[in-house]
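Please look at the sequence and the three-dimensional structure below, and keep both in view while you read. The paragraphs that follow lead you from one end of the chain to the other.

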Amino acid sequence: MAETIRDYFKRRTRLALQLCAVGIALAAIAIALFAFGYLVAGEVGAVIGVAIVCSGLCFLELTRCPRCLSRLSATASSARLSHPINFCPYCGANLDSERPSAAR
Ligand SMILES: [Zn+2]
């Protein structure tokens with residue numbers, strides 16, 4: 001069965017959350033290193049961790065409707081809620097319909 005637009009949003013949201021979790025974990029480890037006196041390693045680790053968190057948020061922000069290419073990060077995020085948005089607010093595409101294959 002082909003992937004629906006909602007599945008596509010869930011997949012992108014999950015990947016963005018995983019990226020953010022890795023970044024937060026790395027930043028926490030870096031803060032611990034900093035606290036134990038490894039100043040340079042702590043600083044570098046914290047910067048890399050924050051960069052990974054920012055890349056995860058940017059990845060989520062760049063989620064687009066596969067049909068009209070409008071940015072739908074809020075709609076994509078709502079795919080995990082109990083009452084998610086069911087249609088694209090710009091083109092009216094049903095999010096449970098099959099995702100056009102051109103978009104990634
Ligand atoms: Zn749309």
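Which residue just after helix 1 takes a positive phi? In this predicted model, that residue is Gly-37, whose phi is about 100 degrees. With that place found, we can step back and look at the whole.

The protein has three helices and zero strands, and from the N terminus on its elements run α-α-α. The radius of gyration is 18 Å, well over the 13 Å that the globule rule gives for 104 residues, so the protein is more spread out than a compact globule. The dimensions can be read alongside this value, since the C-alpha trace spans about 55 × 25 × 25 Å along its principal axes. Buried residues make up 21% of the 104 residues, and among the contacts with a separation of 6 or more, 57% are between residues 24 or more positions apart.

It is also worth asking how confident the predictor is. The average pLDDT of the protein is 89, and 94% of the residues score at least 70. Confidence is highest in helix 2, at a mean of 95, and lowest in helix 3, at 73, and the reader should keep this in mind when looking at helix 3.

Let us now follow the chain. Helix 1 covers residues 5-35, and because its 31 residues should span 45 Å at 1.5 Å a residue, the 45 Å between its end C-alpha atoms agrees with what is expected. Its buried residues include Ile-5, Arg-6, Tyr-8 and Phe-9, and further along the helix Gly-23, Ala-27 and Ala-30. Helix 2, which takes in residues 39-61, has 23 residues and reaches 33 Å from its first C-alpha to its last, close to the 33 Å expected. The residues buried in helix 2 are Gly-45, Gly-49, Gly-56 and Leu-60.

The loop between helix 2 and helix 3 offers three residues to compare. Pro-66 lies in this loop and counts as buried, because it has 21 C-beta neighbours inside 10 Å and the cut-off is 20 or more. Pro-66 and Ile-5 are 61 residues apart in sequence, yet their C-alpha atoms are 7.3 Å apart in space. Leu-69 is placed in the loop as well, but it is exposed, because 12 other C-beta atoms lie within 10 Å. The phi of Leu-69 is near 65 degrees, a positive value in a residue other than glycine; most residues other than glycine have a negative phi. Ser-70, also in the loop, is partly exposed, with 13 other C-beta atoms within 10 Å. Leaving aside neighbours within four places in sequence, Ser-70 is in contact with Arg-64, Cys-65, Cys-88 and Tyr-90, while Ser-70 and Gly-92 are 22 residues apart in sequence and 11 Å apart from C-alpha to C-alpha.

Helix 3 takes up residues 73-78, and in the segment after it we find Leu-95. Is Leu-95 buried or exposed? Leu-95 is buried, because 22 other C-beta atoms lie within 10 Å. Not counting residues up to four places away in sequence, Leu-95 touches Thr-4, Ile-5, Arg-6, Asn-86 and Phe-87, and of these Ile-5 and Arg-6 are buried residues of helix 1. Leu-95 and Ile-85, which are 10 residues apart in sequence, are 8.1 Å apart in space, C-alpha to C-alpha.

Terms used
Residues are numbered from 1 along each chain as its sequence is written. This is a predicted model: local features need pLDDT of at least 70, side-chain atom pairs count only at pLDDT 80 or more; totals for chains, interfaces and linings use all residues. Helices (H or I, at least four residues) and strands (E, at least two) are DSSP runs, numbered from the N terminus. The expected span of a helix is 1.5 Å times one less than its number of residues. The radius of gyration is taken over C-alpha atoms; the globule rule is 2.2 Å times the number of residues to the power 0.38. Two residues are in contact if their C-beta atoms, placed from the backbone, lie within 7 Å. pLDDT is the predictor's confidence in each residue, from 0 to 100.
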